[in-house]
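Have your viewer ready and follow along, one selection at a time. We will start with a ring and its charged neighbours.

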Amino acid sequence: MMTPLRLIRQFFTNALQIEMEYRAEFFVSALNSMLAFGSGFLVLYAIFHNVPTLGGWAFEEGLILFGVFLIIEGYIAMILKPNLSRISEYIRLGTMDFILLKPINSQFFVSFRFVNIWAFPSLITGFGLVTYGMWALDVLSLLNLAQFTLMLIPALIIVYAIWCVLNTTAFWWTKVENINLMFRAFFEAGRFPVTAYPGWLKVVLTVIVPVAFMTTVPAQAAFSGLNLHMTITGWIIAIVALGISHLFWRLALASYASASS
């Protein structure tokens, strides 16, 4: 049986072979990435042109935060959307039956089978912004990059877990095409530091829907180092969220009525 890493490599290779037939999409994706960057940058510039800080964050720090936001957006477009959004289709068409027969963890398969390589420009733009912001603040170092990465990983896990749970509801509701808009509505708040929001909303974005640990905390790690409490909390939330997504997937499978039954 192939290991998860070998499978991911195989999935990526297959996606690359297929997608290279449509190379024009790369330029379309790159253009969309530039437009998203341009519009977001203009909004950020307009805000800091009128106020010196936003929630205690300077302009360069806001750029790092925006970079993290773009990284998460690229991750969603590259991995999560092409895969988890297909769950409802698998159930309607009966493809889920064949997936469950494969000698591989079904949650792993539906999570990583496809790769949208054309979303790569968004990732590059995001990492570029983070690096530039760190350089502008004179904090660009291997240590700070490592600290940033240490907090970016749980952020990616949390985003995956939420997307997985939301799309797994397709086992009961079948048509859930718009359910990811629920996530998007909260995630948009991650463009700005959580400290800029009112107290009650800050609690919501930190405790109930942990948007703070998706964008704000990784950005802070990039320019101010690790906060031990936030680091431990972020990793605990990520591990618990991943566990919940797995339990929810198993619960969904237990209630799944096979298309052949």
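Select R113 and F114 to begin: the charged end of R113 sits over the ring of F114, 5.1 Å from its centre. Keep in mind that this is a predicted model. Now add R86, whose charged end also sits over the F114 ring, 3.8 Å from the centre.

Next, turn to the aromatic pairs, of which the whole structure has 10. Show F69 and F187, a stacked pair with 4.6 Å centre to centre and 10 degrees between the planes. F69 belongs to helix 3 and F187 to helix 10 (residues 180-187), so this pair ties together parts 118 residues apart in sequence. Both F69 and F187 are buried. Add W163 and F183 to the selection, and you have one aromatic cluster of F69, W163, F183 and F187.

Another stacked pair to pick is F112 and Y160, at 6.0 Å centre to centre and 15 degrees between the planes. Here helix 6 (residues 106-112) holds F112 and helix 8 holds Y160, so parts 48 residues apart in sequence are tied together. F112 counts as partly exposed at 26% relative accessibility, while Y160, at 7%, counts as buried.

Keep F112 on screen and move to the second largest pocket, with a volume of about 320 Å³. Of its 13 lining residues, I8, Y75, M78, I79 and F112 are the closest to the centre. Which helix gives the most to this lining? Helix 3 does, with 4 residues. Colour the lining by class and you will find 13 nonpolar, no polar and no charged residues.

Finish on helix 7, another contributor to that lining. Its buried residues include P121, L129 and M134. Just after helix 7 comes D138, where phi is positive, near 60 degrees.

Note on methods: Residues numbered from 1 in each chain as written. Predicted model: local features only at pLDDT ≥ 70, side-chain atom pairs only at ≥ 80, totals over all residues. Heavy atoms only, no water. 1 Å grid on protein atoms, 1.4 Å probe; cavity = no way out; pocket = protein on both sides within 12 Å on 5 of 7 lines; lining within 4 Å. Points joined across faces, edges and corners; volume = space filled by probe spheres on them. Helix = DSSP H or I, 4+ residues; strand = E, 2+ residues; numbered from the N terminus. Nonpolar A, V, L, I, M, F, W, Y, C, P; charged D, E, K, R; others polar. Buried < 20%, exposed > 50% of the residue type's maximum accessible area, 1.4 Å probe, protein only. Phe/Tyr/Trp six-rings, centres within 6.5 Å; stacked < 30°, edge-to-face > 60°. Lys NZ or Arg CZ within 6 Å of the ring centre and 35° of its normal.
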